Amino acid sequence: MMTHPMIVGVLLVFLLGCETTNTHRYAEMDAGFQDRFFEGYQEVAIETEEQVFAISPSMVRFIEQRRRYAESPKEQVQELVKGIFGRANMNLVYNSTANNTASQTFAQGQANCLSMTIMTYALADYAGMQVHFQQVEVPEFWERRDGVSLLNGHVNLRIYPGDDSRYMYFSRPGLEVDFDPSEYRDVFESEKISKQRVLAMFYNNKAADALVKDDYVTAYAYLKRALMTDPELPEGWVNLGVLYRYNHLLGEAEAAYHQALNLAPNHTALENLALLYQMTGRDEQAEVMLARIERQRQDNPYYHFLLGEIALDESHPKEAIDHYRDALKLDRNKHVFYFGLARAFAELGNMDATRRYLKKARQYADYQDEERRYDNKLNLLSRVSL
């Protein structure tokens, strides 16, 4: 069942801005934690595993209510999922920055897709169902937030009926639950991952939020917890490297990037490493790495979309338009690409084109809240034009 997109395992890709330094001890560093540079990180209040997956009384009532509509364990799974995604029942609003616990998501009605997945796991687990998480191998997909490029990963759930002596299954039927509107409509390979990996992803997302806000102490606290929870989380090491670089710990940053690469092939780790090479006078090595990554990304529409977002951030709307159009040549069904064009033409003062692409964005929107957002912008544009 398809719903809203997963925002999980956020990787920070800093493509812009370089610094110079005289540090030359890169190869000597071992990847690890540098507590002494982040004084006060121990005081950061970090959610425990129990708090992240805790069930509230209102969630218990919701589970009991859904059970009234089903008798067999298989029907109970179907009714639970139907209840979660039924707009009349939950009315959840997607918010990419809402890195919430299960109970917060249920109470507040806002979530990104990792939060939705965590909440669904908690509900199904409490209801006695068998649940496991899956990481999906998807193309690189970015969003821009406060001038920072965020690379999104994707996870989903598979829910199986619980045990009931009244029913016997020769093969236990499972239901895959995927919070995803349009970005990953194709079928991609997936692998089962542990609850600990998902918990580490939650901490990593919280760290990414703090990094975007330049709250380095909080970012360090969450990254350390993420990597203590799951030392083999590549994106955690990448983000730790970004944090170290922002604090001029270049040797430590390089070691963290190499740790990420030791765990898995990773464009983002390579890209950050290439930037570090540029900052430290190793331009030839950096150019080779970046050229290889660039060749591999040309067929990814979200890469061209990212370039458009960066150009727009830098007040180059004509350049942004070229990139958004390159994205549309590869995929004409993504509302965000049309919205990018609308914003770029608005900066150029071309209101006719802005209106045209807003209408296109609305046409390809996946959900009613997105349609309403574009309707509001069109209405505002009409009032301004009067």
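This structure holds 1 cavity of 30 Å³ or more, and the model in which it is found is a predicted one. The protein has 386 residues, of which 55% count as buried, and its secondary structure comes to 16 helices and 9 strands. Among contacts with a separation of 6 or more, 68% are between residues 24 or more positions apart. The points below begin with the cavity and then turn to salt bridges, strands, cores and one histidine.

**The cavity and helix 2**

- The largest cavity has a volume of about 50 Å³, and the residues that line it are Ile-63, Arg-66, Arg-67, Gln-76, Leu-80, Ala-127 and Met-129.
- Two elements, helix 2 and helix 3 (73-85), each give two or more residues to this lining, and helix 2 gives the most, with 3 residues.
- Arg-67, one of the lining residues, also forms a salt bridge through its side chain with Glu-64, with a distance of 2.8 Å from N to O.
- Arg-67 and Glu-64 are separated by about one helical turn, because they stand 3 residues apart in helix 2 (residues 57-67).
- Both partners are partly exposed, Arg-67 having a relative accessible area of 30% and Glu-64 one of 36%.

**Salt bridges elsewhere in the chain**

- Side chains of opposite charge can pair when their charged atoms come close, and in this model the count comes to 15 salt bridges.
- Arg-158 and Glu-176 form one of these salt bridges, with their closest N and O atoms 3.1 Å apart.
- This pair links distant parts of the chain, since Arg-158 belongs to strand 7 (residues 155-160) and Glu-176 to strand 8 (residues 175-177), with their positions 18 residues apart.
- Arg-158 counts as partly exposed at 22% relative accessibility, and Glu-176 likewise counts as partly exposed, at 30%.
- A further salt bridge joins the side chains of Arg-282 and Glu-254, at 3.0 Å from N to O.
- Arg-282 lies in the loop between helix 10 (267-279) and helix 11 (283-297), while Glu-254 lies in helix 9 (residues 250-263), so the pair ties together parts that are 28 residues apart in sequence.
- Glu-254 has a relative accessible area of 6%, and it is therefore buried, as this value is under 20%.
- Arg-362, Glu-371 and Asp-375 are linked to one another in a network of salt bridges.

**Strand 7 and its partners**

- Strand 7 is mostly covered, with 5 of its 6 residues buried, whereas Arg-158 in this strand counts as partly exposed.
- Strand 4 (residues 130-136) runs antiparallel to strand 7, and 6 bridges join the two; within this pairing, Gln-130 has Tyr-160 of strand 7 as its bridge partner.
- Strand 8 also pairs with strand 7 in the antiparallel sense, over 3 bridges, and Leu-157 stands opposite Val-177 of strand 8.

**Nonpolar cores**

- The largest nonpolar core has 76 residues, and the members that touch the most others are Ile-118, Met-119, Leu-123, Ile-159, Leu-240 and Leu-243.
- Leu-123, when its neighbours within four places in sequence are left aside, is in contact with Ile-55, Met-59, Phe-62, Ile-63, Leu-80 and Ile-84.
- A second core, separate from the largest one, has 24 residues, including Phe-337, Tyr-338, Leu-341 and Leu-358.
- Ile-63 and Leu-80, which are among the contacts of Leu-123, are also among the residues that line the largest cavity.

**His-304 and its surroundings**

- His-304 lies in helix 12 (residues 301-313), and at 7% relative accessibility it counts as buried.
- Not counting residues up to four places away in sequence, His-304 touches Arg-297, Gln-298, His-323, Asp-326, Ala-327 and Leu-330.

Note on methods: Residues numbered from 1 in each chain as written. Predicted model: local features only at pLDDT ≥ 70, side-chain atom pairs only at ≥ 80, totals over all residues. Heavy atoms only, no water. Salt bridge = Lys/Arg side-chain N within 4 Å of Asp/Glu carboxyl O. Helix = DSSP H or I, 4+ residues; strand = E, 2+ residues; numbered from the N terminus. Buried < 20%, exposed > 50% of the residue type's maximum accessible area, 1.4 Å probe, protein only. Pairing = 2+ DSSP bridges. Core = buried A, V, L, I, M, F, W, Y, C linked by side-chain atoms within 4.5 Å. Contact = heavy atoms within 4.5 Å. 1 Å grid on protein atoms, 1.4 Å probe; cavity = no way out; pocket = protein on both sides within 12 Å on 5 of 7 lines; lining within 4 Å. Points joined across faces, edges and corners; volume = space filled by probe spheres on them.
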